[in-house]
Each structure stands twice: as C-alpha cells, then as structure tokens.
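Me: Hey, can you walk me through the hollows and greasy spots in this protein? I'm new to it.

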Amino acid sequence: MGRKGLFIGIILVVCLAPLCFGQLREGKSPDNREENPNTLSLFLSPAFEIPIGSSSEYFDLGGSALIGLEYGFTSNPVLFAGGGIRYNFAPIKAERSVSLVGAEGIGGMYFYLLPRLAAKVYGSGGYYYGFFNDAMELSSNNFFASGGLGLSYVVTPSLNLYLNGSYAYFMGLRLHEMNVSLGVSYYLTGLDKRKKSLQGPATILPEYLEGYKKPEPGRGIELSGLDLQEVFPVFFKYYDDHPVGKVTLRNKEGGSVSSIKVGFLIRQYMDAAKQCPAPSELAGGESKEIELFSLFTDKVLDITEGTKVTAEVQLEYFMNDEWYRDVQTATLRMYDRNAMTWDDDRKAAAFVTAKDPKVLALAKNVAGMVRERGSRSVNANLRTAMAIHNALDLYGLHYVVDPRTPYKEFSKKSKAIDFLQFPRQSLEYKAGDCDDLSILYCSLLEAAGIETAFITVPGHILMAFSTDIPEGDASRHFSHTEDLLLKFGKIWIPVEVTERSGGFLKAWQEGAGQWREYEQKKQAAFYPLHEAWNQYEPVGLPGGNADLRLPEDEKIVGSFQEEMLKFIDREIYPMVAELEEDIKKSGGSHVKRNKLGILYAKYGLLDKAEAEFAKVLDELEYVPSLVNMGNIHYFNEEWDKALAFYDRALKREPSNATVLLSVARTYHQMEDYALAKKTYDKLRKIDSGLAKRYAYIDMSGATTERASDITKIKEEVLWIEE
C-alpha cells in the first residue's frame, strides 16, 4: 500500500471512527442526563509553535492548525477519543521553512470543575510528511507524538472555547516544541445533555420538554394538595432551606415508578427551578408529601407593593420505558420588601444591614471622631455607642409611631403583616417606630464592630449592646451595676432607642428600667443579633450610596464630650463623696487626697486631678503625688515638665521601680535613648519582671518605630496610690 496509502488510511480511521461511535444507541432519557452521555464535536485549533532545547538552534517560532472530530462517551470525567488532520509551518534559521502535514489520533479526559468550566488532559500521536517550502521536496516523514493540559469553557450548548498547552516531538526532524493553542469546538450531538448540564445537576426546566410524555388522566403520578405560603422578600435567603409550601405525590399505577424528580419555580424571581427532596421511587398506590423550597434572586427586593405571581411545581419520572413530565401551576402571594410578621421576634434581624453604605458612612465617621477622645477608663464600646446615639439626635432622628402598623398592636398578632424600615430608609425619613429605630441603632453599632441584641417586652422592642467586658468585672467598671444586663458571660447595656430628647444616659436608664421590670415578670426576651442572623440573614436594600449629610464634627464631638462628663460625674460621684468625707475626717490625709486625684485622672478630669496632687505637694514631697503629677504631664506629652516631677521623686526614692520606669519612659519619648537605657538598666536590676514588660525602652529609636505592637504599652499611665 505504501506510505501514501498508510497516510490516507490513518486519516480515514481517526476521522470516521467517531462518526461510527455516534450511531450507537442513545438511550431512553430524552434529556440525556444519565442514559446518554455521548457527544460528538468538530474542532479547530490554531496554535503557536515554540521550538525548545536543541531544536531552538535550528528552528524559529512557527504555527500550526488542527481540525478534526472528537467523541465523548462518559459524563464526568468525560473520556474522549478522536482524530484530525494537522498542518505545521516551521521556519528554519537558514532562511528556509518546512511544512508538516499529518494525521493523528487523540485521547484524554475532561474534568468539569463548574457547569461551564472543565480541565483537560490529553495525548495524541500520528504520522506526518514534511516538505521544504521553497523547493517542495520531501524533507522527512515519520511519527510524532504530543501531550498536554488545557481549560475548556462552555459558551453555549453548541459551542466550546478552549486554551491548551502541550509538548510535541517530531521524529526524523528531531523537532521538540511547545504548543499554545486557542481553539473552538462545535457540538453536533449531545446538545440536550449539555443544555441540562448548564443548569446544574438534575435541574428541571420546561423549555426542554422534547421527548417527554404527559401522563394520561388517572395514570402515572398525580400532583395534589398543592399548598403555598405567602412569601416575604426580606427573607428570600431563608426559603432556600425552609419550605414555601408542600405538594402530595400519589402513584396511580399498580407498579412502581422510578427516577422521580420534583422542582419548584417562580420565573420572575428565580434563575432556575429549585430541586426539592423527593423519593426516587414510589410503589404502586403509594403517596408522599413533598416540601417545596425556593432559591430566590435579590430581584424580589425590588417589590415595593405586594403582588401575585405564578408558581410551578415540575415533576418528571420514568415509567414503562418512557419519560414523563407534568407541571402544576398555582398563584402565590408575594408581599412588599418591608413586610414581615411577628411570629418570631428574631425575624427583625434580617433588616439589620450593617453593610449598607449610608450606615457605614455614619457609623465609621462618628466612631473615628471620638476614638481618641474621652476618658480611656470608660469602655470603648460605650464611648462609641454614646457618640452614635447623640449624633442621631443632632441628625434630627425622631420617634414616630406608624399609625398603620403600630408595633404595640401588631406584635400581639403573630400573623398580622407589619411594615419595618430598613436602616437606610430610617436615615432618609429621619423617623421611625420603636422597631425601626432599634434596627437602625443595631445596624450602626454593628457597623462600628459592636455586638448588639434585640430586647422584646409586651408591646415593645428595644436593644442592647455588648461592652465585651466579662460579667464578673461589672463592679470594677461600673458603679450602677443595676443598669447592666449580664448575658452569655458578658456585660450588656440596654438602650431605649425611642428616647430622643434626654441624651444617651437617659435612654440607657429607660432601657435598664424596662428590662428590670419585665425580666422580673419573666416577660422579657433577649435575642443576640449574631445568633438571629444564623436563621434570618441580613438583606441589603438594593441601590443607594454613601451620601449622607452629617452634623458638623464639632457639634458631634461636643455633644459626646458633654454626655461623657455626665456619665463620669454619675459614675464617680459616690466614690468622690466618700473620699472627700474621709479627707475631712482625717484632717486632709495626703493618702486619701492622692487617691481622689487618681480617681479624677482615670476618668479624664485632669484639671481636678492636678489640683488634688498640688494640694498634697504644697505640704510635702510625697512620692506617689510627685509621680502622679508627672503622669498628667506625660499624658499631655509635656515631657520636660513630666521629667521634672519624676526627678524629684527619684531623689526621694532612687530605688523605686515605678519611678525609674517613669523616668526611662520619658527619656525614651524625648528620644534621649542613651539616658533611657541607662535608667532602664537600673530598673532591670531592681525589678526584672516590670522591666521585661517595658522592654521597648531598651530598643533603638529606629527599631521602636517598627514595633507598632507596643503602642498601647507606651501609652499606659502608672498611677501610684500610696
């Protein structure tokens, strides 16, 4: 037969064999999902050819093209075989070029990573003829082989794009090259299966009814008892694993029916039918109730007025060697995006959208304004909550009872439809009911990183936020522990958000009073938002931006500082009164007066603290008051003044570890690292444990700048009581 006949024979075998395979029985399933995984495609693959190794000394960058047929005969992974005709153009550095024409067989597999994306591994081999292009004389003929990897993307059921990279070796020419190709495949068969695969596993879509039969009346499986609930858009994520209704499947046949699949679809608001749990088989006469689930898109949040939609229950099954499909439709009520019922108080958590742009803008801006203001002895969460609450007052937020759906009435009726505002809406309206304002305040605090909770009492809802302080430390941080909630091992502060005229402290007291009253009656419920979100995920309102006209910074900061002073006065008044009484009884005890100064200083009342320390120092060089007076100047970054008081204390007690540490820290802040180290070395000999905690003093200035983790230690103030 000769080489020419062998060449033609290879082409016929590798190109026509897939066509023969394609005539195999296609199976019984009209959608080809399981019974018929076979596909046949025509492909074209142009490529760049890059000579490698010793071949690069003789050949330049070239190109190639491969056209052929490919037959796939499994599902996933898809095993395939095929063949094609190849043409290669290979430039030679001696100003000549070679054309290679050949036929090859191909085999490999696809691994589908996603419905549209697959990884590919393959190998091929064949026979080629090579010709010099300038003389058309035979240069070589021999076998070649290649292997490679690639990615394939499904554009449409008929069309794939792919990117391959491979290695090829042409014997005779001893040509080694790398191949990079971008190709296309056009599918001739197996389109129904590919349509199905693009919808994910076992998706039911009525567009592909070809090949299915509709059961005759009284035959097959009957759909009955379809019962659908109303749908609330704000809970659209909830319905993915909580049923929106139910339907009964009843086998009207004497024998069993198999391969049963049930889907639920609302076309306007779902991308595809949701497959629902159903028995794969029903015996003759058997019936089964099926729960229906729905995976809505966020398009449901565009519903501003309640509406009715058509819902479909889709059924398919295999019976008597045939596939059957049935569809039952019903009307379903969808409420507007602000609607909900109070059968579960935790549902309000879905409205707490801490990531809304307007919510983030207000919360982050206000939190940033007050982060470094106020006494650091006051809990950081409390400071932020106080500032945001008063900023809302300045913003003009009002408590307004919704006359259509007042919470007091609707909370008593578990099935009554209530109207709740999203936080952005409350900011835009500058008003809301108790539920709306609680949702808004929780959202703002969550946006600032503060954990919150809902509190419900008969006819009312309020909120609380966590201080992150362990409940065992309540008396150490707060003098009015009766106004605190101790829940889940932490201290929480209740806030009556409808109190908009008396500032944060009044809202706190009102909230604490309601909690005490109804908690004693066992009529108060506490719902942490993070737990409620496990059931009712927050849903962002579509659209919107961060544009928000906040009050002036000076007004927000001023209001915060006034409220902070009220809180501090309330907190320390009993302790101040007790110390002043002790000072009076003791005839001006310098120990008690020094403690009073420390009390003022810890709460940021530095002027009052300085006055008390000065009274002591007017009478004697009392080391604790000398150090504490230096601390006030240290806190104000007045290093020279601080050092003057520390030096006076050091003269009195040269081996006092706290005094040595204060001096060393001050020298370090003044960037006099030599004196800082000298003093620190003395401290290390006296109290190695204390020295170790402040080891940054022993570093150079350049090293310290990189040690950001020690910032808090550097800012600590070491008060000495006696």
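Reply: Sure, here is a short chat about its pocket, its surface patch and its cavities.
Reply: This is a predicted model, where local features need pLDDT of at least 70, side-chain atom pairs count only at pLDDT 80 or more, and totals for chains, interfaces and linings use all residues. Residues are numbered from 1 along each chain as its sequence is written, and side-chain values use heavy atoms, with hydrogens and water left out.

Me: What volume does the largest pocket have?
Reply: About 1,800 Å³. On a 1 Å grid over the protein atoms alone, a pocket is an open set of points with protein on both sides within 12 Å along at least five of seven lines, while a cavity is a set where a 1.4 Å probe fits but cannot get out; lining residues have an atom within 4 Å of a point. A volume is the space filled by probe spheres set on the points, which are joined across faces, edges and corners.

Me: And which residues sit closest to its centre?
Reply: S375, R376, S377, V378 and K602, out of 50 that line the largest pocket.

Me: Which element gives the most to that lining?
Reply: α11, with 9 residues. Others giving two or more include α3 (357-370), α4 (380-395) and α12 (590-602). Helices (H or I, at least four residues) and strands (E, at least two) are DSSP runs, numbered from the N terminus.

Me: Switching topic: which residues make the nonpolar surface patch?
Reply: F48, I50, L61, L163, Y167, M178, V180 and L182 make a patch of about 750 Å². Patch residues have over 30% relative accessible area and no salt bridge, and nonpolar side chains (Val, Leu, Ile, Met, Phe, Trp, Tyr) are joined within 5 Å, like charges within 9 Å. A salt bridge is a side-chain nitrogen of Lys or Arg within 4 Å of a carboxyl oxygen of Asp or Glu. Areas come from the Shrake-Rupley method with a 1.4 Å probe, and for residues only the protein chains shown count as cover. β8 gives the most to the patch, 3 residues.

Me: Why does I50 count as partly exposed?
Reply: Because its relative accessibility is 37%; buried means under 20%, exposed over 50%, and partly exposed in between (1.4 Å probe, protein chains only). I50 lies in strand β1.

Me: How many cavities of 30 Å³ or more are there?
Reply: The search of the whole structure finds 4. The largest cavity is about 260 Å³.

Me: What lines that one, then?
Reply: It has 22 lining residues, with S45, L66, R86, Y122 and N164 nearest its centre. β7 gives the largest share, 4 residues.
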